[in-house]
Amino acid sequence: MIDKERLKILTESAKYDVSCSSSGSARKNNGGVGNASYGGICHSFTQDGRCISLLKILMSNKCSYDCLYCVNRYSNDIPRASATPDEICELTMEFYKRNYIEGLFLSSAVEGSPDRTMELMLETVIKLRKVYGFYGYIHLKGIPGADKILLDRAGSYVDRMSYNIELPSEKSLKLLAPQKSKKSILVPMANTAEEYIIARKEKNHRFLPAGQTTQMIIGASPETDGQIIRLTEGLYDKFQLKRVYYSSYVPTNSKTALLPQDPVGLLREHRLYQADWLLRFYGFKAEELIDKDENLDPTVDPKCSWALKNIHLFPVEVNTASPEMLLRVPGIGFKSASKIVAARRYAKLDFCDLIKMRVALKRAVHFITCDGKFGGQEKPTAIKNLIALSERADTFEQMSMFSNGEISFSVLGGEL
Amino acid sequence: MIAYKISKEKDAIFCALFESFTLKERPIAVFSGAFQPSFDCQVKTINYIKNNAERVKKGIIKCGGISLLSTLFYVMRSSDDLMESIVFSVAHKCLSARKNLTDNYSDPDMLAFYELKTKISHEVHIMTGFVRFEKTLSGVWYSHITPDNDIVDLIAPHFKKRLPNEKFILHDTKRNILTAYDGKNLITLKSDKPVTVYLDKDEIEFQNLWQTYFDYAPVFERKNLRQQANFLPHRYRRNMSEFLGTLESEIACAPQVSDLNGLYKPDVTDDD
């Protein structure tokens, strides 16, 4: 059994991997332990508000690479540990039977060579499936640079695989992760994507039932939102990825001049995820979302920002607009759009009906008419201010008599 | 005005419907537990007569098929104070119109009915994650839960599929209902007797490992207790082993936000 101290080290080293979902696979139980639930299940929530769905753990954090942004880089002075395949299998099985977790998320630092590391991870996965009879969810990190045979073989045992893109451009990669290159990351991703597409054509749903994902760090390097969103779009189109995860940079290391000293705020990550959702589910293209200065507007969400730029397309009539157009209205999401389309078959809808259907009317009201009636603002600047205020964005504040801090000083001084 | 007091039987609401249609009167409320009648409200006790309930059930099947009847039974699992009144109104309206009206969301009763239904199905989903099994000396997995609604037998099939070769007990300690799986069949029974569980010798060790994992998995710079409480309400935590010994987790998550320069404001209160 793995001891407490090593579990602590391996958990702490793995926690910066953002992916936690256990969805996309409906693996059935075939006489052993476990199955996978297609929608995924969250088993607990930690103090940072993220869910625990999979046992996220490294096989080892003894890394031979020296990526500046990474907590496990070899020049960093942290306690090191590793676990054997059997220890990980046992822990997974025992946690799974107690219903603590939905499966295993196995990653590793590159200990020795990529091939050696990948072999160990593959051994663990095969043991878990064949010896321990585990049918639950397994998410495996692919080690860039490992042999293609190893990576392909892993694909037929696990539910989801992912390779970390780490940084959104090759230049940053060279600077911050000298042992990695764009090619070493993208080639295995492309190979896995190719295998995945072939398997689906042959109707083989056993190869990576939940597909492939990736993650990148935001804010450690100077790339703009525009570059990141275009890269994301390319990954979805070319490699058929299921998800791209973003992780805003948190300083985890001794200080270096190449990295920002402060953590990047969560707002940028949030806006990128919103844009990501628009790409995947709402039929938006990357070019539509990006502003002239190549960044997303921090004050309002990307859909709102797009609608304000294209205000000539609005307002749309809720009772007659096409479903595609309804999806483009800020405040109307996938669920409310389908409710509207279903309900307007029976009766004309009014603003009250939309409130009942839980449409976010504070945003939508400026972009729709209900039976010819319009209740919003017309000027884009006024709309933007109202929406930003209603979202309580940090940059906007309704002044009161007793507003504190800089604002009240500037009022007293007559500057405002 | 009139209100019906019904007995605790599962299908007692159908007797109330029978009474209402026979006497052509419409009660303002139907209840089995506590109810505060208004000044001019007359409370009428409806006796449970199985035959009447069966007749109404047949009528409901004629109106909306077996699916309507099963949806009514599903919503009756709710422990909402207004559940009886809502189910009564929905069944009454469906019977009067002779068709299934449950998807007519512009009707406030139907909307309330729909919301009770989603609350139950949501809780069934989250409880499949929040159940914690403990290994007992005899090798049976035991779990105690306190869900808001009476759903213990709805969660059990999920675990039957998942752990087909294990034996387990799901114990709803709020309602004293147990669902047990003996390796072949699921059995649900009601028992008011206290349950004593003797734990396996390894159990505490794995609970400690889980506690360690839980304490060191969060990114401390992003502490956000409000979001945690939104997703995992405090009332569920008393049955989850990782929250029973919170001391270590508090030490691990001690504030380390001094160097954040206000970039991220965790708008958090420690009390829920």
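# Close-up views of chains A and B

**Figure 1. The domains of chain B.** Taken over C-alpha atoms, the centres of domain 1 of chain B and domain 2 of chain B are separated by 30 Å. This is a predicted model, and the domain assignment splits chain B into domain 1 (2–119), domain 2 (135–190) and domain 3 (201–272). If you trace the chain through this view, you will find 10 helices and eight strands in chain B. Of the 272 residues in chain B, 33% are buried. Among the contacts in chain B with a separation of 6 or more, 70% are between residues 24 or more positions apart.

**Figure 2. Helices α2 and α3 of chain B.** Here the view turns to helix α2 (residues 50–75) of chain B and its packing against helix α3 (residues 83–97) of chain B. Their axes lie 10 Å apart and make an angle of about 165°. An angle over 145 degrees counts as roughly antiparallel, so α2(B) and α3(B) are roughly antiparallel to each other. The crossing of these two helices, α2(B) and α3(B), is right-handed. On the α2(B) side, the residues in the contact are B:G59, B:I60, B:C63, B:G64, B:L68, B:L72 and B:V75. Facing them from α3(B) are B:M83, B:V87, B:A91, B:C94 and B:L95. Sorted by class, this contact of α2(B) with α3(B) has 10 nonpolar residues, two polar ones and no charged ones.

**Figure 3. Helices α2 and α4 of chain B.** Stay with α2(B) and look towards its contact with helix α4 (residues 108–130) of chain B. The two pack at an angle of about 70°, with 9 Å between their axes. Angles of 65 to 115 degrees count as roughly perpendicular, and α2(B) and α4(B) are therefore roughly perpendicular to each other. The crossing of α2(B) and α4(B) is left-handed. From α2(B), the residues B:T71, B:Y74 and B:V75 take part. They meet B:F113, B:L116, B:K117 and B:I120 of α4(B). By class, the residues of the contact of α2(B) with α4(B) are five nonpolar, one polar and one charged. B:V75 is worth finding in both views, since this residue of α2(B) is listed in the contact with α3(B) and in the contact with α4(B).

**Figure 4. Where chain B meets chain A.** The contact between the chains takes 41 residues from chain B and 37 residues from chain A. On the side of chain B that touches chain A, at least two residues each come from α4, α5 (152–162), α6 (203–216) and α7 (225–231) of chain B. The largest share of that side, eight residues, is supplied by α6(B). The residues of the side of chain B that touches chain A comprise 23 nonpolar, 10 polar and eight charged.

**Figure 5. B:Q228 and its neighbours in chain A.** Find B:Q228 in helix α7 of chain B. Leaving out residues up to four places away in sequence, B:Q228 touches A:F45, A:T46, A:Q47 and A:G49. A residue is buried if 20 or more other C-beta atoms lie within 10 Å of its own; B:Q228 has 23 such atoms and is therefore buried.

**Figure 6. The domains of chain A.** For chain A, the domain assignment gives domain 1 (4–264) and domain 2 (302–390). The C-alpha centres of domain 1 of chain A and domain 2 of chain A are 39 Å apart.

**Figure 7. Backbone details in three loops of chain A.** Start at the peptide bond from A:F314 to A:P315, which is cis, with omega near 0°. A:P315 sits in the loop between α10 (302–309) and β9 (316–317) of chain A. Next comes A:L208, in the loop between α6 (182–201) and β7 (212–218) of chain A. Phi of A:L208 is near 40°, a positive value in a residue other than glycine. A:L208 is buried, as 26 other C-beta atoms lie within 10 Å. Finally, look for A:Q240 in the loop between α7 (225–239) and β8 (243–248) of chain A. A:Q240, also a residue other than glycine, has a positive phi, near 50°. With 15 C-beta neighbours inside 10 Å, A:Q240 counts as partly exposed.

Conventions:
Residues numbered from 1 in each chain as written. Chains lettered and ligands numbered in written order. Predicted model: local features only at pLDDT ≥ 70, side-chain atom pairs only at ≥ 80, totals over all residues. Axes fitted to C-alpha atoms, helices over the stretch in contact; angles between N-to-C directions. Helix = DSSP H or I, 4+ residues; strand = E, 2+ residues; numbered from the N terminus. Parallel < 35°, antiparallel > 145°, perpendicular 65-115°, else oblique. Left-handed = near helix turned anticlockwise from the far one by under 90°. Contact = placed C-beta atoms within 7 Å. Nonpolar A, V, L, I, M, F, W, Y, C, P; charged D, E, K, R; others polar. Domains from an automatic or database assignment. Buried ≥ 20, exposed ≤ 12 C-beta atoms within 10 Å, placed from the backbone.
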